[in-house]
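Me: I want to know what lies behind the labels people put on a structure. Let me ask how each one is earned.
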Amino acid sequence: MSKNIFVGLFAAVLVVVLGTAACTSQAASNIGSTTQTIIVAPDTAEPVSPISEVLPASEVVLPNGEAATPVSEAIIAPVENLAMGLSADEAAALIFMIEDEKLARDVYNVLAVTWNIQIFQNIVKSEQTHIDQLSQLLTTYSLLNPTQAPGVFTDPKLQELYNTLITQGNKSLNDAIKVGGAIEEIDILDLQTRLAQTDNADIQLVYNNLLNGSYNHLKSFSNTLSTQGGEIYSPQYLAVEQYQTILSSTQGKGTGQGKATPKP
């Protein structure tokens, strides 16, 4: 074989090898591109309660004189002996919600004295009913009841929120009514979150009862701000669409409206 023929054959083989390598590289690149995951953040986030993720189940604090009580000791141990069963998240939710409802009752009690307006006095009775229903569930599931004296909370975020709302509600009558609306919006979001976390029928029933109460209370505060305060209520935590749906709902017409009595 002459030198020229050998060189020609070598060049042809080299071209084939290089071409195959290029195709393989391109195929690998194509495979990589088809399996790539691109996560796009939504333009708007779902409305959330400012206290809905305060204490996960592993960080629940109970009033036993300790700075913190592990959920495994305070909640899971007694629950394991229940025939119906209850998850740590469900137990933590019940403990959180009874203090959440207590916050509403305690704030309304203070504002009722400050402004002598019937709406707070009426809704306090409803909030006490909510607390009683949750208290019964705690008893049913052998859970410790965390409620303490008025204005005192084991959950630090609830304590901070209580202090903030009292300060805001003392500014003016309209501010007090808006505080009532804010509390009911927060309750709605907290209840919706925890309702989705349980499949226990008795807990679902209570949560739904509390939700209906909060819907009516929010409508009542909205109406009172308009009729007595001359101001249109704007949702503070709920999405506008959800707020408008609540206002237009036929379930109840809201309770507790009443004229403010001037303070002496």
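Me: What makes Y108 count as buried in this predicted model?
Reply: Its relative accessible area is 0%. Buried means under 20%. So Y108 is buried.

Me: Which aromatic pair does Y108 form, and why is that pair called tilted?
Reply: Y108 pairs with F221. Their ring centres lie 5.5 Å apart, and a pair needs centres within 6.5 Å. The planes are 50 degrees apart. Stacked is under 30 degrees and edge-to-face is over 60, so this pair is tilted.

Me: What does the pair of Y108 and F221 tie together?
Reply: Y108 lies in helix 3 and F221 in helix 7 (residues 201–229), so the pair ties together parts that are 113 residues apart in sequence. F221 is buried too, with a relative accessible area of 0%.

Me: Why is the pair of F153 and Y162 called tilted?
Reply: The ring centres are 5.5 Å apart and the planes stand at 50 degrees, so the pair is tilted. F153 is buried at 6% relative accessibility. Y162 is buried at 11%.

Me: How many aromatic pairs are there, and which residues do ring pairs link into a cluster?
Reply: The count comes to 5 aromatic pairs. The cluster consists of Y108, F120 and F221.

Me: How do you know that helix 3 is largely enclosed?
Reply: Count its buried residues. They make up 23 of the 28, so helix 3 is largely enclosed by the rest of the structure.

Me: How does the reach of helix 3 compare with what is expected?
Reply: Helix 3 covers residues 88–115. From first C-alpha to last it reaches 41 Å. The expected value is 40 Å, so the two are close. Just after helix 3, N116 takes a positive phi of about 50 degrees.

Me: What makes the contact of K102 and D106 a salt bridge?
Reply: The N to O distance is 2.7 Å. The cut-off is 4 Å, so the contact qualifies. These residues are 4 apart in helix 3, which means about one helical turn separates them. K102 is buried at 1% relative accessibility, and D106 is buried at 3%.

Me: Which residues are linked with K102 in a network of salt bridges?
Reply: R105 and D106. The side chains of R105 and D106 meet at 3.0 Å, N to O. R105 is buried, with a relative accessible area of 15%.

Me: Why can we say that the charged end of K102 sits over the ring of F153?
Reply: That charged end is 4.1 Å from the ring centre. The distance limit is 6 Å, so this part of the test is met. The angle to the ring normal must also be within 35 degrees.

Me: Why does the contact of D190 and R194 count as a salt bridge?
Reply: The N to O distance is 4.0 Å. The rule says within 4 Å, so the contact counts. D190 and R194 are 4 residues apart in helix 6. D190 is buried at 0%, and R194 at 7%. The whole structure has 4 salt bridges.

Me: How do you know that E185 has no salt bridge with K178?
Reply: K178 is the nearest side chain of opposite charge, and it is 11 Å away. The cut-off is 4 Å, so there is no salt bridge. E185 is buried all the same. It lies in helix 6 (residues 173–195).

Me: What lies 2.8 Å from a polar atom of the E185 side chain?
Reply: The backbone nitrogen of L238. A polar contact needs N or O atoms within 3.5 Å, so the distance fits.

Terms used:
Residues are numbered from 1 along each chain as its sequence is written. This is a predicted model: local features need pLDDT of at least 70, side-chain atom pairs count only at pLDDT 80 or more; totals for chains, interfaces and linings use all residues. Side-chain values use heavy atoms; hydrogens and water are left out. The expected span of a helix is 1.5 Å times one less than its number of residues. Buried means under 20% relative accessible area, exposed over 50%, partly exposed in between (1.4 Å probe, protein chains only). Rings of Phe, Tyr and Trp (its six-membered ring) pair if their centres lie within 6.5 Å; planes under 30 degrees apart count as stacked, over 60 as edge-to-face and the rest as tilted. Lys and Arg count as positive and Asp and Glu as negative; His and the chain ends are not counted. A polar contact is a pair of N or O atoms within 3.5 Å; within protein, one must be able to donate a hydrogen and the other to accept it, and residues adjacent in sequence count only if both atoms are side-chain atoms.
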